[in-house]
Amino acid sequence: MARINTSALWDQQHVLHPWADLSTLGEEPPLVISEAEGVWVSDGEGRRYLDAIGGMWCMTLGYGRPELAEAMRRQALRMAYYTPFGAMANEPASELAARLAAYAPGDLKRVHFTTCGSTAVESALRFVHYYFGATGRPEKRHIVSRVDAYHGSTYLAASVSGKAWDRTFFHYENSFVHLLSSPNPALRKAGQTLEQFCDERVAEFEQLIGELGADRVACFIAEPILASGGVIIPPPGYHQRMLAVCRRHGVLYISDEVVTGFGRLGHFFASEAHFGIVPDLLITAKGLTSGYQPLGAVLISERLLEQISGTQAAGNGTFTNGFTYSGHPVACAVALANIELMEREGVCEHVREVGPYFIERLQELRRYPVVAQVRGDHLMACIECGDGRRLDGMPSPESIALAQRVDVLCQAKGLLVRPYENMCILSPPLIIERQQIDEIVRILGRALEEVTC
């Protein structure tokens with residue numbers, strides 16, 4: 001008890017958390033998680049919680065997997081680290097690159113390792129700028145993203161993120177970054193069909209390219225499903241049509257699969273298998289190691305690299321981007337063990353089996369008047385509270401307060417959900433079973449019923 005109380009005190013006094021509420025900094029003791037197993041986590045007082053957010057979208061194979069811990073131990077004892085720069089290689093990173101290339105769609109066969117999703121996004125965007133500079137088109141530098149998108153918290157990654165809630169007092173790049181309207185079908189005008197809404201959003205992209213000039217637009221970056229922005233699923237055919245626009249105008253397409261990759265939608269990569277597109281670059285992280293180690297990667301088209309390597313390399317031929325811990329051997333060893341477990345246990349097949357059941361059960365919660373919308377795909381979902389109306393991109397304070405009350409009630413009842421604005425976001429470990437899905441829905445239902453009263 002004393003140890004946990006001391007941890008909470010130290011946290012209050014010394015830790016600045018990601019996305020911390022500075023208006024209450026140091027006032028409230030944190031929930032100190034001390035143990036975890038499977039889909040459950042426990043605090044220092046022995047209270048157990050069903051983790052319906054999978055840590056942060058990332059604990060895909062669940063907690064306490066000895067195979068992943070053993071992979072760490074073996075590699076750390078054999079060789080914990082060596083520089084990845086230049087022509088220096090390590091065996092786990094080399095093998096992992098080959099495994100990722102085998103699973104990747106199209107000609108995405110070259111892997112650039114990073115430390116997390118944010119640095120992978122940053123690296124992908126920098127590669128695009130490098131590519132166009134090396135091919136004699138440095139003016140082709142404009143990046144297009146979307147409102148409600150989230151791509152990370154480094155400078156460029158944050159700049160191409162379009163969540164209004166996250167844009168505070170930091171500086172953001174706006175001279176060459178452009179945000180298209182959100183592809184959220186809930187924003188359709190009265191009487192507008194899904195097809196008409198999709199037409200409108202695609203036409204907006206075409207118009208922007210026309211205004212900027214195709215010779216100045218470098219890339220379009222998109223999450224297949226806008227995860228942190230509220231599990232927003234674009235209308236059918238949206239991604240295929242946006243890719244077609246990119247192809248017509250020589251614009252590169254970046255698919256950010258930090259969340260949707262590694263089984264969340266029932267496939268190692270969802271771009272082609274679930275959405276029918278083969279991007280020019282693809283980003284992965286989170287589930288890549290099941291959250292056991294920090295690691296990210298950018299998968300790059302061989303077609304692009306052929307134009308800037310070998311005899312066609314420009315300048316001194318050096319791609320000056322990377323990190324001290326790029327392709328860290330311990331992290332890559334864990335990723336390899338993670339892939340082996342996913343294959344052996346049929347995790348993607350399991351997600352394709354239980355995912356529809358998860359969404360079906362959650363739809364039952366629409367019966368509560370405080371629920372504006374329930375949406376999701378396989379093992380990622382969102383319950384939106386309140387009236388669903390937004391002003392300047394933000395929900396009403398009353399709707400936000402509702403979601404916060406639901407979060408507090410769920411935690412008191414042994415369920416952890418992720419509150420964001422007026423939404424409760426769900427992304428449970430991929431190993432979740434039907435009875436645990438039933439428990440999630442039961443507790444959420446009780447919480448929603450209490451806030452309705």
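A residue counts as buried here when its relative accessible area is under 20%, as exposed over 50%, and as partly exposed in between, with a 1.4 Å probe and protein chains only. The model is a predicted one, so to speak only of what it supports, local features need pLDDT of at least 70, side-chain atom pairs count only at pLDDT 80 or more, and totals for chains, interfaces and linings use all residues. Residues are numbered from 1 along each chain as its sequence is written, and side-chain values use heavy atoms, with hydrogens and water left out.Helix 8 (residues 238–249) makes a good starting point; helices (H or I, at least four residues) and strands (E, at least two) are DSSP runs numbered from the N terminus. With 12 residues, helix 8 reaches 17 Å from its first C-alpha to its last, close to the 16 Å expected at 1.5 Å a residue, where the expected span is 1.5 Å times one less than the number of residues. Its buried residues are Y238, H239, M242, L243, V245 and C246. Seen down the axis of helix 8, these fall within an arc of 155 degrees, so they line one face of the helix; the arc is that of the directions from the helix axis to the C-beta atoms. Their cover includes strand 5, strand 6, helix 7 (194–212), strand 7, strand 8 and helix 9 (270–275), with contact meaning heavy atoms within 4.5 Å. Right after helix 8 comes G250, whose phi is positive, near 70 degrees.

Strands 7 and 8 belong to an open sheet of 7 strands with mixed pairing, in the order 4-10-9-8-7-5-6; two strands pair if DSSP finds at least two bridges between them. At the edges sit strand 4 (108–114) and strand 6 (177–180), each pairing on one side only. Strand 7 (residues 217–222) and strand 8 (residues 252–256) run parallel, joined by 4 bridges, and F220 has Y253 in strand 8 as its bridge partner. Helix 5 (residues 117–134) packs on this sheet, and its direction makes about 160 degrees with that of strand 9 (281–284). Axes are lines fitted to C-alpha atoms, for helices over the stretch in contact, and angles run from 0 to 180 degrees between N-to-C directions.

Then there is the nonpolar interior. A nonpolar core is a set of buried Ala, Val, Leu, Ile, Met, Phe, Trp, Tyr and Cys residues joined through side-chain atoms within 4.5 Å. The largest has 74 residues, and L100, F113, L362 and L444 have the most contacts inside it. Helix 11 (residues 329–345) gives the most to this core, with 9 residues.
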